[in-house]
Amino acid sequence: MRRAAPVLAAVVAAGLVADPGVGQANGVNTHTWISFHAIEHLPDGELKRLLADPTLAAMIVNGSIFPDGGYAVDSEFGETAHWGPFHAAYIRWMQANLPEPYARGEARRHVAFLMGLGSHGMADQIFDSMFMEAARGYDAANWSDTLLDSFDTATDVMLVDATGVDYRGTEQWLPSDDLPGMFAEVGITVDSSTLLDAQNAMHTFVLAYGAANGRDPAAVMRYRAQYPWASAHLMDPHEPGSPPCEGEVVAAYWLTLWDRLHGVDGPQNQIIATYPPAGSDGHPTDHRLVEAQVVVVFGHGIAAGVAAKIRITDPTGKVYGFTARPFYSEANAVAIRPTEPWAANETITVELLPGIATVDNLTYDQPWSFEFTTRPASGPRDPTSDPTPHEGEPWTAPPASGGCDAAGGAGLGAALLMLRALRRRRGRA
Ligand SMILES: [Zn+2]
């Protein structure tokens, strides 16, 4: 049934939208800020040039806010749009319907929109599993799950206040004729008009709410007083899961999506970030602290059962107890929570065993491990890093003007293909 936009508007504005699942997460001004910030974390190359093109900024904004539109109209398309299987469906649609090179021509707008989507889904996982989990404890006194007093609304207003960003007036852009077919591929029925209504509500009310209240000193003060720990740490790049920290993980995820759009899925895409960073010192030992967790972010969404494929030890031979799960169903981020303290002044090794399954029917058959220590750190550390950073990216020559660059690009693509570490899992029941 088509819902009338004015009704939605009233519902959203009145804060009556129920929490359907993800619930708290980044607000949409924050999502958009993270996307633009993440561009700075990309290596120089085609993707960075494309996303930095001002004529595509509107598509980045629209992609970054789109997934939460499902909540505004109470449609399950929103939850689905957050996760890898839908991002994969979008990639397949682009490969089937748009001419290469994807860095040029009509495809560019879709790349920018897709990267906005990918940014949103990844950011929700990183923020929620680290920053928001910590805040639930530190800011418990006035915690609220009511939309307009919620953590995501409050932090969205704080971010607007801190950065001055204003995305109001951005052109509404949605591939609304093509999206229903992509959603059908992942089992979701939704029509174009519902999608357009939802996007309109996001622009008119949700984006605008944060933008307006972030410019109202009384509203900013009220939210900062409600969540004082978040207020003090939101823009700290050393705080795990803060928006600046999220940008780095988003950039790493973008590179995996860009690879996959070009038919490449190499080992540099298996693990795209860890908290704490591989080789870092200073990890907290008290297992009751959220900050003592370990988070491993994969290039694909991870299936249930991952805990059985993880082993954590130290050089004394101690094997640590923990729980581990994808932070949300279909999420890339696996949150590993110790059930006992990490030993002090020790090196901890996290091993990922072969056989970790993804939600899109792949299996990682290469073991991988990393270490961190509980020795004192010499200074503030970056909260996350990509242990297998991209050296480059797939690159496709423009038609009819190849030359040296084209040969170099093709060679790189071939080399990445040779490094392919994933195998299709066959005969899944
Ligand atoms: Zn979201």
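The following dialogue examines the terms applied to this predicted model and the values behind them.

Tutor: In this predicted model, local features need pLDDT of at least 70 and side-chain atom pairs count only at pLDDT 80 or more, while totals for chains, interfaces and linings use all residues. Residues are numbered from 1 along each chain as its sequence is written, and side-chain values use heavy atoms, with hydrogens and water left out.

Student: What makes D68, H82, H120 and D124 donor residues of the zinc ion?

Tutor: Donors are N, O and S atoms within 2.8 Å of the metal (3.2 Å for Na, K and Ca), and sites may look incomplete because water is not among the atoms. The OD atoms of D68 and D124 and the NE2 atoms of H82 and H120 lie at 2.1 to 2.3 Å from the zinc ion. In sequence the spacing of these residues is D-x13-H-x37-H-x3-D. D68, in the loop between α4 (57-65) and α5 (69-72), and D124, in helix α8 (residues 107-138), are 56 residues apart and link distant parts of the chain.

Student: Why is the arrangement around the zinc ion called irregular?

Tutor: Four donors count as tetrahedral if all angles lie between 85 and 135 degrees; four count as square planar and six as octahedral if opposite donors are over 155 degrees apart and all others between 65 and 115; anything else is irregular. The four donor atoms subtend angles of 87 to 174°, which makes the arrangement irregular.

Student: How do you know that α7 is mostly covered?

Tutor: Buried means under 20% relative accessible area, exposed over 50%, and partly exposed in between (1.4 Å probe, protein chains only). Ten of the 14 residues of α7 are buried, including F86, Y90, W93 and M94. The cover over the buried residues includes α6 (77-81), α8, α10 (179-185) and α14 (243-261), where contact means heavy atoms within 4.5 Å.

Student: What span is expected of α7, and what does it reach?

Tutor: Helices (H or I, at least four residues) and strands (E, at least two) are DSSP runs, numbered from the N terminus. The expected span of a helix is 1.5 Å times one less than its number of residues. Helix α7 (residues 84-97) reaches 20 Å from its first C-alpha to its last, close to the expected 20 Å.

Student: Why is the largest nonpolar core said to lie between domain 1 and domain 2?

Tutor: A nonpolar core is a set of buried Ala, Val, Leu, Ile, Met, Phe, Trp, Tyr and Cys residues joined through side-chain atoms within 4.5 Å. Of its 87 residues, L51, F66, Y90, M94, L179 and F183 touch the most other members. The largest share, 16 residues, comes from α8. Domain 1 (8-16 + 24-250) and domain 2 (267-373) both contribute residues, so this core lies between them; the domain bounds come from an automatic or database domain assignment.

Student: What makes D74 count as exposed, and N345 as partly exposed?

Tutor: D74 has 61% relative accessibility and therefore counts as exposed, whereas N345 has a relative accessible area of 48% and is partly exposed. D74 lies in the loop between α5 and α6, and its phi is positive, about 55°, although D74 is not a glycine. N345, in the loop between β5 (333-338) and β6 (347-352), likewise has a positive phi, near 50°. Most residues other than glycine have a negative phi.
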